[in-house]
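Here is a short tour of a structure, taken a piece at a time. Have the viewer open as you read.

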Amino acid sequence: DADVPRPVLDVIARLRELGHAAYLVGGCVRDSLRGVHPKDFDVATSALPEEVQRAFRKVIPTGIQHGTVTVLAGSTHVEVTTFRSEGDYHDGRRPSAVSFEKDIVKDLSRRDFTMNAMAWNPVGHELVDPFGGQEDLKARLVRCVGSAIERFSEDGLRPLRAVRFAAVLDFTLDPDTQAAIPATLPVFRKVAHERVREEFVKLLLSKRASFGLELLADTGLLDVFLPELARADAEAARLARTAAASAPADVEIRLAALLADLVEPQGAEEIGVRLKFPTKVIERVRLLVGLARLEAHVGDPDPSLRRLLAKAGLANIEALTAVARARVQARSPERLAEVEVLIGRLLALAASKPPLTSKDLALNGGAIMAALGVGPSPIVGEATRFLVEQVLDEPSLNAPEKLKELLGSWMKARGS
Ligand code: ATP
Ligand code: MG
């Protein structure tokens, strides 16, 4: 209670003064009861969206059709949503209609899990918990509100949310809830990939990512959106999960650690596209998957390590070493020491800022043309690539006079 920010309390108090019911609902109630500071505070009220708009000076009609109004209270944004019940779900994706309700219990009964279906009145200090959410929180159980089969058939995303919450909170699934997942997979198949990705990312970044991934496989969910992992043999899948879970909690790093030993870069790209990840994420994961096997470079001479840096790009070195370390820890811990030595060498080389691309050359395009005595022509590109190879072998050659000298002998050798 001490947790609830003043502006949120004020919003609830104001609605109550006007004779409406108003509560904190959902994740913030669950998290407060677990002793965790909530990340946001959602308010539910019997007031209609128009009434909420009239009750406050500054409001944004965020999602009026769904009954959500954002109240600006100082610098805080408070989402206020009118009690709702949902009509039929005809496609397993979204309700065909929502209707506004006056009763908090109606609103709570449309929610997914018992722990998410509690409401707290911070003015009167009253908890509304019609489905045994507190008890399930104590038992660390994810349990559907009502019939799991029905709830999963209404909205195919819910089974994935169940597994996501289990991974994030370190809970288990109530047996009936778990048993309903395989039975409702056809509904899960219809869910928009963006929604799947959002929940999957939360699972992947959770403390118990490995457990979550295993539960996804056991329930059949994984086969629907990540068959590459679902169909891997048991040991390969276990290693992939362990690698992902031991990597730093970053989407690109964990995805790459998960996929690097299961698919080629092209396969990683296909997965990214399928799950509608942003292009930037897809490109980075593709790159990381392609270069992840750093253990293959143990003992390589500096020039080949500089070529590796050039392929990765300096901006990706930290991520790449994190992926490699996680994979090696999971797959061949006995090689970790030598891989750490390699990583140390790579980081030291990177820190010395060696020339890696044509942009780093001490001669720019114009200077190269002048030295060759030519205008723009294909030979300039060839000469540039030659110089880049030279400085990758020996960075100290990256000085204007030395590069010009190299260009001179290159021209002679070509006989031009
Ligand atoms: P998090 O801390 O991860 O944000 P949350 O409980 O706030 O957890 P949200 O996805 O933000 O989760 O949803 C807010 C609330 O809305 C949930 O607590 C739940 O009561 C309800 N809810 C969200 N998605 C669904 C769904 N697909 N079906 C039923 N209820 C849902
Ligand atoms: Mg939330």
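## Lys353 and its loop

Look in the loop between helix H20 (336–351) and helix H21 (365–372) and you'll find Lys353. Its phi is near 45 degrees, a positive value in a residue other than glycine. Most residues other than glycine have a negative phi. Is Lys353 buried or exposed? It's exposed, with 10 other C-beta atoms within 10 Å.

Bear in mind that this is a predicted model. The chain averages a pLDDT of 95, and 97% of the residues score at least 70. The scores for the model are ipTM 0.98 and pTM 0.93.

## Two more loop residues

Asp170 also has a positive phi, about 60 degrees, although it is not a glycine. You'll find Asp170 in the loop between helix H7 (158–169) and strand E11 (172–173). With 13 other C-beta atoms within 10 Å, Asp170 counts as partly exposed.

Then there's Ala97, in the loop between strand E6 (84–86) and strand E7 (98–100). Ala97 has 9 C-beta neighbours inside 10 Å, so it counts as exposed. How many Å separate the C-alpha atoms of Ala97 and Lys353? The answer is 59 Å, for two residues that sit 256 residues apart along the chain.

## The chain as a whole

That distance fits into a C-alpha trace that spans about 90 × 50 × 40 Å along the principal axes of the chain. The radius of gyration is 29 Å, whereas a compact globule of 416 residues would come in near 22 Å. There are 23 helices and 11 strands in the chain, and buried residues make up 38% of its 416 residues. Of the contacts with a separation of 6 or more, 64% are between residues 24 or more positions apart.

## Domains

The domain assignment splits the chain into domain 1 (6–132), domain 2 (140–225), domain 3 (246–354) and domain 4 (358–414). Take domain 2 and domain 3: their centres, over C-alpha atoms, are 30 Å apart. The contact between them takes 10 residues from domain 2 and 8 residues from domain 3. On the domain 2 side, the largest share, 7 residues, comes from helix H10 (residues 193–204).

## Helix H14

H10 turns up again around helix H14. What covers the buried residues of H14 includes H10, helix H11 (209–219), helix H13 (227–230), helix H15 (251–259) and helix H19 (317–331). The buried residues themselves are Ala237, Ala240, Arg241, Thr242, Ala243, Ala244 and Ala245.

As for its length, H14 (residues 234–246) has 13 residues, which at 1.5 Å a residue should span 18 Å; the end C-alpha atoms are 18 Å apart, so the two agree.

## Helix H1

Back towards the start of the chain, helix H1 (residues 6–17) has 12 residues and reaches 16 Å from its first C-alpha to its last, close to the 16 Å expected at 1.5 Å a residue. Which residues of H1 are buried? They are Val8, Val11, Ile12 and Leu15. Seen down the axis of H1, these buried residues fall within an arc of 90 degrees, so they line one face of the helix. An α-helix has 3.6 residues a turn, so residues three or four places apart point the same way.

The face of H1 turned away from that buried side carries the exposed residues Arg6 and Glu17. Covering the buried residues of H1 are, among others, strand E1 (22–25), strand E2 (42–45), helix H3 (49–55), strand E4 (68–73) and strand E5 (76–82). Just after H1, Gly19 takes a positive phi of about 90 degrees.

Conventions. Residues are numbered from 1 along each chain as its sequence is written. Chains are lettered from A and ligands numbered from 1 in the order in which they are written. This is a predicted model: local features need pLDDT of at least 70, side-chain atom pairs count only at pLDDT 80 or more; totals for chains, interfaces and linings use all residues. pLDDT is the predictor's confidence in each residue, from 0 to 100. Helices (H or I, at least four residues) and strands (E, at least two) are DSSP runs, numbered from the N terminus. The expected span of a helix is 1.5 Å times one less than its number of residues. A residue is buried if 20 or more other C-beta atoms lie within 10 Å of its own, exposed if 12 or fewer, and partly exposed in between; C-beta atoms are placed from the backbone. The arc is that of the directions from the helix axis to the C-beta atoms. Two residues are in contact if their C-beta atoms, placed from the backbone, lie within 7 Å. The radius of gyration is taken over C-alpha atoms; the globule rule is 2.2 Å times the number of residues to the power 0.38. Domain bounds come from an automatic or database domain assignment.
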